Amino acid sequence: GVPVASTAYANNPTNTIDGTAIAWNNRTFGEMYRKSVDIRTCIRKRQITAMRAGWELRRTKIDGNEKVVELPAFDDAMKNIQELKNEILKNDILFGNVFIQRRLNKIGQIIGYKVLDSRYVTLISDNDLKPLRYIYTDVAIKGSYIEFPAEQVMHFKRSVDFDNPVFGDSIMEALVVDVLGEKEASLSNYYFFQNDSIPSAIYVLKEGVQDDAAEKVMTQIRATLTGGHNKHKAIVSNAVEDIKMMRQEHKDMDFLDMRKFTTEKVCAALGVSRVVLGYVEDVNHSNGESQYKTFIEETVEPDERWIETIFTFIVQTDFGQPDYHFNIDSEHIDNIEQRSTLARDNISAGIWTVNEARLYMGYEKVDNEMADEIIIGSSLQLLDNLAVAEQTELAPATIPTAV
């Protein structure tokens with residue numbers, strides 16, 4: 001038989017919490033992205049920061065040196081490269097899978113690429129889990145689907161799902177309860193104002209009031225008292241015999257503390273600090289810079305290396321250039337200054353040669369024999385030499401005497 005696997009069920013489809021079935025799958029992860037401002041903003045920050053300094057193709061030469069090269073066919077196919085990059089990151093973060101379709105013209109030539117929505121991809125494999133073909137449900141046309149041969153779709157994943165090795169693993173699975181809980185807490189707060197804390201009182205109607213009259217009274221009460229704009233209004237009715245006031249508290253607003261906890265959990269899972277999202281509580285100049293630096297080093301730069309891996313595979317496989325690789329200019333805040341300082345210090349300390357420092361900075365080697373030699377700065381001397389020089393300088397001059 002031929003196993004059929006869909007990313008809609010790449011993870012455990014449902015779990016039961018207190019008797020309520022909750023879907024733990026890609027559809028839920030998509031809903032979390034749409035409803036959680038923290039998840040959406042975290043992904044957006046990673047999208048706009050990664051590869052923002054540009055990119056280039058490099059070729060590794062026989063001598064190990066690298067040279068920036070042009071490949072017009074690749075450029076033409078990558079006219080939407082920023083969109084591709086954004087969709088790659090979104091699908092990778094949300095669903096743990098990236099499916100890239102090779103777009104072909106009528107004679108089978110590659111004219112571009114499209115990232116497929118992972119929620120609507122079905123993978124058909126053989127018994128060894130090797131893909132045979134992909135089925136993609138077209139969400140724009142209900143009930144319509146497209147079938148692609150295996151060689152027309154590339155599948156990338158950073159980690160493997162323990163329960164289904166065909167697919168990648170999504171960090172969203174660990175956030176389902178927290179994010180859905182935040183949504184419910186927000187709704188509770190919304191309806192606190194919408195319903196004006198109803199029931200804030202029990203209205204006891206006079207004995208013998210008919211059902212239709214009681215319904216009219218309740219309609220009048222709802223129209224007059226519910227909603228934040230009707231707060232503190234009074235009502236007069238000859239059908240009401242007594243009003244029993246209930247304790248009115250705003251404890252539901254404590255959801256703000258829970259929301260802060262959820263935000264911190266989302267930020268930790270997605271590798272984006274709260275300060276990057278614009279939360280300034282407990283943030284000062286010192287730790288703000290440190291958190292942003294951590295965001296660049298531990299989240300953005302790994303994203304860029306992952307994007308480089310994908311596009312390098314494409315340029316080598318689809319364009320027949322095995323010695324080409326895709327390189328992202330990783331120039332972020334203070335990055336160049338820090339790298340330059342490190343390069344200068346290592347040259348002065350005799351740790352790197354000039355060419356080693358140039359490669360570290362992303363520049364080509366220079367054709368000079370001294371650039372491959374360890375050079376010690378002229379201002380650096382042994383302590384013994386300094387001591388000798390000091391003694392020589394302080395020694396009293398000898399005055400020759402005539403004999």
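This passage looks at aromatic pairs and at a small piece of sheet in a predicted model.

Start with the rings. The model holds nine aromatic pairs. One of them brings together Phe156 and Phe313, whose ring centres sit 5.7 Å apart with 85° between the planes, an edge-to-face arrangement. Phe156 belongs to strand 11, residues 153-156, while Phe313 belongs to helix 8, residues 285-317, so this contact ties together parts of the chain that are 157 residues apart in sequence. The two partners also fall into separate burial classes. Phe156 has a relative accessibility of 11% and counts as buried, because the cut-off for that class is under 20%. Phe313, at 36%, counts as partly exposed, because its value lies between 20% and 50%.

Helix 8 supplies a ring to another pair as well, this time through Phe311, which meets Phe326 of strand 14, residues 324-328. Here the ring centres are 5.0 Å apart and the planes make an angle of 50°, so the pair is tilted. That angle is neither under 30 degrees, as stacking would need, nor over 60, as edge-to-face would need. Phe311 and Phe326 are 15 residues apart, and their pair links distant parts of the chain. As for burial, Phe311 has a relative accessible area of 1% and is buried; Phe326 is buried too, with a value of 1%. Both residues belong to one aromatic cluster, together with Trp55, Phe74 and Phe319.

Phe326 leads on to the sheet, since it lies in strand 14. Strand 14 is part of an open, three-stranded sheet with the order 5-4-14 and antiparallel pairing. Strand 5, residues 66-69, and strand 14 take the edge positions; each has a single partner strand, so one side of each is left without a neighbour in the sheet. From one strand to the next, the twist averages 40°.

Strand 4 covers residues 55-60 and pairs with strand 14 in the antiparallel sense, over five bridges. Across this pairing, Arg58 stands opposite His325 of strand 14. The residue range of strand 4 takes in position 55, and Trp55 is a member of the aromatic cluster that also holds Phe326.

One more ring contact involves a charged side chain rather than a second ring. Arg40 lies over the face of Tyr33, at 5.0 Å from the ring centre.

Note on methods. Residues numbered from 1 in each chain as written. Predicted model: local features only at pLDDT ≥ 70, side-chain atom pairs only at ≥ 80, totals over all residues. Heavy atoms only, no water. Phe/Tyr/Trp six-rings, centres within 6.5 Å; stacked < 30°, edge-to-face > 60°. Helix = DSSP H or I, 4+ residues; strand = E, 2+ residues; numbered from the N terminus. Buried < 20%, exposed > 50% of the residue type's maximum accessible area, 1.4 Å probe, protein only. Lys NZ or Arg CZ within 6 Å of the ring centre and 35° of its normal. Pairing = 2+ DSSP bridges. Axes fitted to C-alpha atoms, helices over the stretch in contact; angles between N-to-C directions.
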